[in-house]
Amino acid sequence: MRGAVGRVLLLVWSRPPQALHLQGRRLAPSSFPPPRAGIAIASHADGAGELRVALDSLCRDVERLNGVLAEVQSSLLELRERVYSAPEGGPALEETPVSQGEPQTPLQTTPHPRFVLQFDGGSRSNPGDAGCGAVILSNDDTRRELWWGRRVLEGKKTSNFAEYSALLCGLEHALDLGVKHLHIQGDSLLVVNQINKVYRVKSETLLPLYNTCVELLSRFDSFSIEHVPRRENKRADELANEAIDTQASSQQVVVAEAFPET
């Protein structure tokens with residue numbers, strides 16, 4: 001890390017160390033994950049403040065890496081599905097096409113929309129049993145729940161497919177309820193960055209979902225979308241898990257007088 005005073009060292013090992021000293025604390029080997037999955041942070045900072053800054057920066061880097069890994073995982077799962085479905089001795093697989101002529105999302109945003117849409121999708125075994133959930137909240141200090149929905153996904157789906165399905169579920173109902181300006185939050189860095197055109201959509205499976213999301217977003221007067229930590233997206237995550245556990249889709253308007261937006 002930069003700076004002569006504070007320095008954070010990232011150590012990756014194939015075998016766990018005997019112990020690690022961090023800020024005067026000794027961590028035993030039992031504190032670490034199994035071999036080949038360990039990351040230790042040793043600090044030589046003079047104060048906790050500089051260590052926090054360094055750790056915050058490291059966490060942001062890891063978060064960005066998670067988004068890249070999610071995209072790689074999606075491509076690998078897509079390739080695996082195609083390999084398993086290909087006939088024995090069949091023709092070689094063609095390259096997965098990159099989206100061409102992607103629809104453009106609206107660029108305008110409103111300073112303070114009245115509604116926040118949070119979405120989340122989940123898949124067990126990835127691909128496996130999957131479901132998605134979405135919730136519309138008031139965009140104020142109360143964060144009042146105005147609508148919720150959950151949806152079961154048929155067949156074995158990936159987590160990225162479930163995330164896009166959750167966004168679709170929320171957008172469809174927001175439009176039906178007469179929402180015009182919308183702020184969207186999700187914990188899938190892949191979906192958020194693809195909608196914001198930071199990442200390109202390379203998966204044949206995800207591309208139709210992406211295109212449908214873009215088309216729905218164009219019907220709003222304005223929208224914005226941002227990535228949030230999972231801990232800030234608990235209600236949507238809860239709904240996605242309920243969909244998988246109950247194998248039932250459902251939705252409910254909690255505060256009818258909040259809609260439509262005038």
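Student: Why is Lys197 called partly exposed?

Tutor: In this predicted model, Lys197 has a relative accessible area of 32%. A residue is buried under 20% and exposed over 50%, with partly exposed in between; Lys197, at 32%, is therefore partly exposed.

Student: Where is Lys197 found, and what is notable about its phi?

Tutor: Lys197 is found in the loop that runs between helix H3 (189-195) and helix H4 (206-217). Its phi is positive, about 65°, although Lys197 is not a glycine.

Student: Which other residues take a positive phi?

Tutor: Gln247 is one of them: its phi is near 55°, and it too is a residue other than glycine. Gln247 lies in the loop between H5 and E10. Gly178, just after H2, also has a positive phi, of about 85°.

Student: How do you know that the span of helix H2 agrees with its number of residues?

Tutor: Helix H2 covers residues 159-176, which is 18 residues. The expected span is 1.5 Å times one less than the number of residues, so H2 should span 26 Å. The C-alpha atoms at its ends are 26 Å apart, and the two values therefore agree.

Student: What makes H2 mostly covered?

Tutor: Of the 18 residues in H2, 15 are buried. Each of those 15 has a relative accessible area under 20%, because that is the cut-off for the term.

Student: Why is Asn233 counted as buried?

Tutor: The relative accessibility of Asn233 is 0%. Buried requires a value under 20%, so Asn233 meets the definition. Asn233 is placed in the loop between strand E9 (222-227) and helix H5 (234-246).

Student: What makes the pairing of Asn233 with Asp187 a polar contact?

Tutor: The side chains of Asn233 and Asp187 make this contact at 3.2 Å. The definition asks for a pair of N or O atoms within 3.5 Å, one able to donate a hydrogen and the other to accept it; the distance of 3.2 Å therefore satisfies the cut-off.

Student: Which residues are in contact with Asn233, leaving aside neighbours within four places in sequence?

Tutor: Asn233 is in contact with Gln118, Phe119 and Asp120, with Gln185, Gly186 and Asp187, and with Val228.

Student: Which peptide bonds are cis, and where are the prolines concerned?

Tutor: The bond from Asn126 to Pro127 is cis, with omega near 5°. Pro127 is in the loop between strand E5 (115-124) and strand E6 (128-138). Phe259 and Pro260 are also joined by a cis peptide bond, with omega about -10°. Pro260 is in the segment after strand E10 (250-253).

Notes:
Residues numbered from 1 in each chain as written. Predicted model: local features only at pLDDT ≥ 70, side-chain atom pairs only at ≥ 80, totals over all residues. Heavy atoms only, no water. Helix = DSSP H or I, 4+ residues; strand = E, 2+ residues; numbered from the N terminus. Buried < 20%, exposed > 50% of the residue type's maximum accessible area, 1.4 Å probe, protein only. Contact = heavy atoms within 4.5 Å.
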